[in-house]
Amino acid sequence: MDGQPLLQVTDLKQHFRMNKRFTVKAVNGVSFDIREGETYGLVGESGSGKSTIGRSIIRLYKPTSGKVTFEGVDISGPLKEREQVLLRTKMQMIFQDPMASLNPRKKVIDLIAQGLDIHKLYKTKEERKEKVYRILDKVGLSREHANRYAHQFSGGQRQRIGIARALIMEPKLIIADEAISALDVSIQAQVVNLMKDIQEETNTAFLFIAHDLSMVKYISDRIGVLHLGYLVETGTTHEIFENPVHPYTKSLLSAIPLANPVKEKDRVAIPYDYATSGIDYSKGIQHDLTSTHKVLATPEELTAWTNG
Ligand SMILES: Nc1ncnc2c1ncn2[C@@H]1O[C@H](COP(=O)(O)OP(=O)(O)OP(=O)(O)O)[C@@H](O)[C@H]1O
Ligand SMILES: [Mg+2]
């Protein structure tokens with residue numbers, strides 16, 4: 001754990017002011033970091049703020065407060081051109097619905113080369129084509145696919161196009177927001193394995209946002225658990241799955257169906273209700289159980305949870 005992290009998020013807040021009286025506090029002081037080549041999984045129920053965090057990092061939103069640094073550069077304030085370019089090239093996003101994010105009137109070659117076109121990252125048409133071919137190969141599509149249109153592809157293939165679009169920029173960080181959720185279960189594993197292979201080859205870091213905890217467990221090195229815009233627990237995948245401490249994390253994990261039918265029959269879902277939990281998230285104390293395992297709790301709560 002030495003060296004500076006690739007991405008460092010410190011006390012990030014993202015509030016949406018709806019009207020004079022009402023503000024949606026989507027993200028409430030979240031801190032975590034991602035190291036080069038690492039996959040950080042972000043989990044939590046619908047509306048917990050996962051997508052908002054991804055969007056704030058990549059600056060689809062301007063953070064309400066807090067700090068985000070990427071390769072040591074502050075990208076949370078007003079962006080100079082150099083920082084804009086850093087963000088738009090070295091950080092890429094893969095979306096949930098590749099159909100909605102791929103222009104149906106464009107050929108695959110032009111969809112994949114879009115980032116190269118915008119940032120003028122080739123000298124000749126031939127070089128552009130070669131770069132696209134190389135990426136097509138990497139994501140398991142063929143050169144013949146280059147001249148077809150996105151709507152001619154299956155969901156899994158379209159997501160490969162989405163990955164190719166990101167990958168061609170040689171990003172340091174890919175934010176994958178529910179990137180496999182819309183795919184058939186059989187295709188999900190293929191696409192996740194593709195991401196893993198790519199990561200091994202390129203050392204790209206991933207912020208992997210997903211509902212499906214078994215996929216998150218499979219792909220992530222570390223995990224952050226979000227609830228109501230607060231990061232309630234973060235740790236290595238092993239720490240979160242083998243020694244969950246926060247009651248919300250325990251509840252979330254207890255909801256995962258087990259593959260073993262005998263164990264599944266005895267699985268007990270642990271309910272959790274913030275309103276009656278007696279826990280005050282706004283106290284915001286992060287306890288270090290280990291150097292990587294942190295929990296949002298007061299000292300008293302933590303003692304009660306770990307002893308009980
Ligand atoms: N642009 C916006 N304007 C106002 N409120 C928003 C905006 N974006 C998100 N929110 C609200 O912020 C909260 C967090 O939303 P977000 O989309 O980040 O959740 P999520 O964890 O990604 O959920 P899901 O699992 O359903 O994708 C929700 O209450 C949502 O309604
Ligand atoms: Mg979301």
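Tyrosine 248 and tyrosine 272 are both buried. The model is a predicted one. Five aromatic pairs are counted in it. Tyrosine 248 and tyrosine 272 make up one such pair, with an edge-to-face geometry. Their centres lie 5.6 Å apart, and the planes meet at 65°. Why does this pair tie together parts that are 24 residues apart in sequence? Tyrosine 248 belongs to helix H10 (residues 247–254), while tyrosine 272 sits in the loop between helix H11 (261–266) and helix H12 (274–277), so the contact spans that separation.

Other rings also have partners. Tyr230, Tyr274 and Tyr281 are joined by ring pairs into a cluster. At tyrosine 218 the partner is a charge: lysine 196 lies over the ring face, 4.0 Å from the ring centre.

Next come the pockets.

| Pocket | Volume | Lining by class |
|---|---|---|
| Largest pocket | about 460 Å³ | 13 nonpolar, seven polar and two charged residues |
| Second largest pocket | about 330 Å³ | eight nonpolar, three polar and five charged residues |

The largest pocket has 22 lining residues. Nearest its centre lie Arg88, Gln92, Met93, Phe95 and Arg165. Helix H2 (81–90), strand E6 (91–94), helix H4 (108–118) and helix H6 (155–167) each give two or more residues to this lining. H4 gives the most, with five residues.

The second largest pocket is lined by 16 residues. Ile135, Leu167, Ile168, Met169 and Glu170 lie nearest its centre. Here the elements giving two or more residues are H2 and helix H5 (125–138). H5 supplies the largest share, four residues.

Note on methods
Residues are numbered from 1 along each chain as its sequence is written. Chains are lettered from A and ligands numbered from 1 in the order in which they are written. This is a predicted model: local features need pLDDT of at least 70, side-chain atom pairs count only at pLDDT 80 or more; totals for chains, interfaces and linings use all residues. Side-chain values use heavy atoms; hydrogens and water are left out. Rings of Phe, Tyr and Trp (its six-membered ring) pair if their centres lie within 6.5 Å; planes under 30 degrees apart count as stacked, over 60 as edge-to-face and the rest as tilted. Buried means under 20% relative accessible area, exposed over 50%, partly exposed in between (1.4 Å probe, protein chains only). A charge sits over a ring if NZ of Lys or CZ of Arg is within 6 Å of the ring centre and within 35 degrees of the ring normal. On a 1 Å grid over the protein atoms alone, a cavity is a set of points where a 1.4 Å probe fits but cannot get out, and a pocket is an open set with protein on both sides within 12 Å along at least five of seven lines; lining residues have an atom within 4 Å of a point. Grid points are joined across faces, edges and corners, and a volume is the space filled by probe spheres set on the points. Ala, Val, Leu, Ile, Met, Phe, Trp, Tyr, Cys and Pro count as nonpolar, Asp, Glu, Lys and Arg as charged, and the others, Gly among them, as polar.
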